[in-house]
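Welcome to a short tour of a protein fold and the ligand that goes with it. Have a look at the model first, and then let us walk through it together.

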Amino acid sequence: REDITVLGLESSCDETGVGVVSVKLAGDDSGNVTLLADEVASSVDEHARYGGVVPEIASRAHLEALVPTMRRALAAAGIERPDAIAATIGPGLAGALLVGAAAAKAYAAAWGVPFYAINHLGGHVAVDALEHGPLPPCVALLVSGGHTSLLHVPSLGQPLVELGATMDDAAGEAYDKVARLLGLGYPGGPVLDALAKQGNRDAIAFPRGMTGPRDSRHAFSFSGLKTAVARYVETTHRRGEVVDRADVAASFQEAVADVLSMKAVRAATDLGVGTLVISGGVAANSRLRELAQSRCDAAGIELRVPKPRLCTDNGAMIASLGAHLIHAGAEPSSLSVATNPALS
Ligand code: KG4
Ligand code: ZN
């Protein structure tokens with residue numbers, strides 16, 4: 001057999017994702033992976049009134065959405081069963097991970113196909129290959145509501161090296177918290193991004209975390225920034241003045257995008273790789289894309305950002321990494337492999 005299909009199952013947070021890809025094995029060195037289906041059911045609306053993801057609600061939503069989403073993905077891909085199944089085993093919410101991983105193992109056992117345990121972060125990188133083709137050695141910046149990490153990716157299918165991560169809040173989490181502070185909705189990223197376009201990004205000088213001479217080169221920190229925004233809003237109210245929310249949004253966004261793009265491009269330059277991938281929900285951010293593009297252009301680095309639909313959590317990214325592992329000759333995982341909410 002030359003072409004095989006790989007089904008990927010993602011359930012680490014509030015998205016139930018089932019994706020299907022095909023990969024050519026014999027006589028093909030490129031690791032070319034083709035997207036056949038990408039079905040996602042989200043419980044984001046159920047969490048909105050709490051201002052953040054509620055783990056128990058997410059787990060129940062996965063239970064309800066899993067089989068229907070699986071059926072839709074198989075139908076869209078035009079197959080009855082895949083040749084292999086890949087599923088996220090971490091990092092993520094404990095209960096949410098259990099639902100998806102247990103289901104994936106059950107399907108693998110029932111269908112008699114191999115099972116591959118997948119690291120969610122690697123999936124966020126591997127998804128880019130579905131849109132832009134085989135991925136050269138790169139640095140990846142993963143920015144979402146749950147993670148903010150800089151990774152060195154020598155090759156998909158090989159272990160990723162984490163260069164640094166956030167010491168406190170994830171970038172998307174900072175967006176969500178600042179949006180709540182300003183009385184905007186959840187999730188905060190898209191709302192703040194839109195509002196920032198009407199504001200002045202130089203209006204308020206918010207701090208750039210982890211950029212001091214003694215700070216770790218590849219680590220991030222956003223809780224100080226969040227506190228600075230809270231203090232600014234408080235002080236302005238106390239003076240009896242009106243907070244210009246657009247200016248706050250633009251200045252906050254500038255601080256986040258400045259640090260993320262600066263450190264990501266610097267890491268690529270440090271490591272001598274020619275490609276930077278930015279993925280995760282925050283990769284949709286307009287100012288981050290703009291700053292990263294101009295800094296990559298200046299440094300002679302290719303910037304790859306998957307389209308928003310592929311940047312947020314989905315099953316196709318897990319299928320893509322599974323396909324790359326299979327292409328690289330990886331052995332299937334044992335069905336007794338455990339989920340790990342803190343998987344590194
Ligand atoms: O990857 P994702 O859908 O879910 C995980 O957290 O894994 O990312 C969601 C996060 C939320 O925090 C949301 O506020 C943020 O991505 N986000 C954005 C934008 N769109 C979504 N942050 C900044 N600018 C955006 N345009
Ligand atoms: Zn994610």
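Two strands count as paired if DSSP finds at least two bridges between them. With that in mind, strands β6 (residues 138-143) and β7 (residues 148-153) pair in the antiparallel sense, with six bridges between them. One place to find this pairing is A140, which stands opposite L151 in β7. Please keep in mind throughout that this is a predicted model.

**Two domains**

The domain assignment divides the protein chain into domain 1 (3-127 + 314-327) and domain 2 (138-306). Domain 1 is thus given as two segments, 3-127 and 314-327. The centres of the two domains, taken over C-alpha atoms, are separated by 27 Å.

How many residues of domain 1 are in contact with domain 2? There are 16 residues on the side of domain 1, and they are in contact with 19 residues of domain 2. On the domain 1 side, α1 (44-48), α4 (120-126) and α12 (315-327) each supply at least two residues. Helix α4 has the largest share of that side, with five residues. By class, the side of domain 1 that touches domain 2 has nine nonpolar and seven polar residues, and no charged ones.

**The sheet β3-β2-β1-β4-β5**

Five strands make up this open sheet, in the order β3-β2-β1-β4-β5, and their pairing is mixed. Strands β3 (33-42) and β5 (115-119) are at the edges, where each pairs on one side only. Direction ignored, neighbouring strands here are turned by 20° against each other on average.

Within this sheet, β1 (residues 3-10) and β2 (residues 15-24) run antiparallel and are joined by eight bridges. D3 has K24 in β2 as its bridge partner. Helix α2 (residues 55-77) packs on the sheet and touches β1, β2 and β3. Helix α3 (residues 94-111) lies across β1, β4 (84-90) and β5.

**The sheet β8-β7-β6-β9-β10**

The strands β6 and β7 from the start of this tour belong to another open sheet of five strands, in the order β8-β7-β6-β9-β10, again with mixed pairing. Why is one side of β8 and of β10 left without a neighbour in the sheet? Strands β8 (161-165) and β10 (302-304) stand at the edges and have a single partner strand each, so one side of each is without a neighbour in the sheet. Neighbouring strands of this sheet are turned by 20° against each other on average, direction ignored.

Helix α9 (residues 245-271) packs on this sheet, touching β6, β7, β8 and β9 (275-279). Helix α10 (residues 286-299) also packs on the sheet, where it touches β9 and β10.

The table gathers the angles between the directions of the helices and the strands.

| Helix | Strand | Angle |
|---|---|---|
| α2 (residues 55-77) | β2 | about 30° |
| α3 (residues 94-111) | β4 (84-90) | about 160° |
| α9 (residues 245-271) | β6 | about 160° |
| α10 (residues 286-299) | β10 | about 155° |

**Around the ligand**

Which residues are the closest to ligand 1? Of the 19 residues that surround ligand 1, the closest are G145, G172, G189, G281 and T312. Helices α6 (171-181) and α7 (188-196) each supply at least two residues of this shell. Helix α7 gives the most, with four residues. The shell around ligand 1 divides by class into six nonpolar, ten polar and three charged residues.

Conventions
Residues are numbered from 1 along each chain as its sequence is written. Chains are lettered from A and ligands numbered from 1 in the order in which they are written. This is a predicted model: local features need pLDDT of at least 70, side-chain atom pairs count only at pLDDT 80 or more; totals for chains, interfaces and linings use all residues. Axes are lines fitted to C-alpha atoms, for helices over the stretch in contact, and angles run from 0 to 180 degrees between N-to-C directions. Two residues are in contact if their C-beta atoms, placed from the backbone, lie within 7 Å. A residue is near a molecule or strand if its C-beta atom, placed from the backbone, lies within 6 Å of it. Ala, Val, Leu, Ile, Met, Phe, Trp, Tyr, Cys and Pro count as nonpolar, Asp, Glu, Lys and Arg as charged, and the others, Gly among them, as polar. Domain bounds come from an automatic or database domain assignment.
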